[in-house]
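Thank you all for coming; I would like to walk you through one structure this morning, slowly and in order. Please have a look at it first, and then we will go through its parts together.

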Amino acid sequence: MSQSPPGLTRLVPCVTVAPRRAGGWIAVDVREWRTDGDSRDMAQLASALWPAGLHPGGLGWCLATDQLASRILLARGGGDLRGWAGVSLGELALQVPQATARPPRR
């Protein structure tokens, strides 16, 4: 998970905003997957979103057998995992709850 696929711009940790269920906004920190705790948080998110997303057992299997993605980024905000994205050659795996608020217009 240390190398980016060819042609992929190197992603760096950043802060962005994401909608809250109540309609407000929250700062989100984006960083690479690193620990077993990150895997547990991904499984908890999958459980909360099932059946609209990846099955938690399938997620665990893919993580354990290195079949999910070559690079995984996590978005955390307010102490919780808000979503994740996995990038491999030609594929993007993404798991986020449906947004209940729209971003502000520019």
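Starting at the N terminus, the elements of the protein chain follow the order β-β-α-α-β-β-β, which amounts to two helices and five strands, where helices (H or I, at least four residues) and strands (E, at least two) are DSSP runs numbered from the N terminus. Before I go further, please keep in mind that this is a predicted model, in which local features need pLDDT of at least 70 and side-chain atom pairs count only at pLDDT 80 or more, while totals for chains, interfaces and linings use all residues. Residues are numbered from 1 along each chain as its sequence is written, and side-chain values use heavy atoms, with hydrogens and water left out.

Let me turn to the strands at the C-terminal end of that order. Strand E3 (residues 71-77) pairs with strand E4 (residues 80-88) in the antiparallel sense over seven bridges, and by pairing I mean that DSSP finds at least two bridges between two strands. The hairpin of E3 and E4 has two residues between the strands, and Gly 78 there takes a positive phi near 60°. E4 also runs antiparallel to E5, to which five bridges join it, and these two form a hairpin with two residues between them, where Gly 90 in the turn has a positive phi of about 75°. If you look for Trp 84 in E4, you will find that it is the bridge partner of Leu 74, and that in E5 its bridge partner is Gln 95.

Now, is Leu 92 buried or exposed? Leu 92, which is found in strand E5 (residues 91-95), counts as exposed because its relative accessibility is 60%, given that buried means under 20% relative accessible area, exposed over 50%, and partly exposed in between (1.4 Å probe, protein chains only).

Ser 39, in helix H1 (residues 36-49), is a contrasting case, since its relative accessible area of 16% makes it buried. Its side chain makes a polar contact with the side chain of Trp 33 at 3.0 Å; a polar contact is a pair of N or O atoms within 3.5 Å, and within protein one must be able to donate a hydrogen and the other to accept it, while residues adjacent in sequence count only if both atoms are side-chain atoms.

Finally, for the chain as a whole, buried residues make up 33% of the 106 residues.
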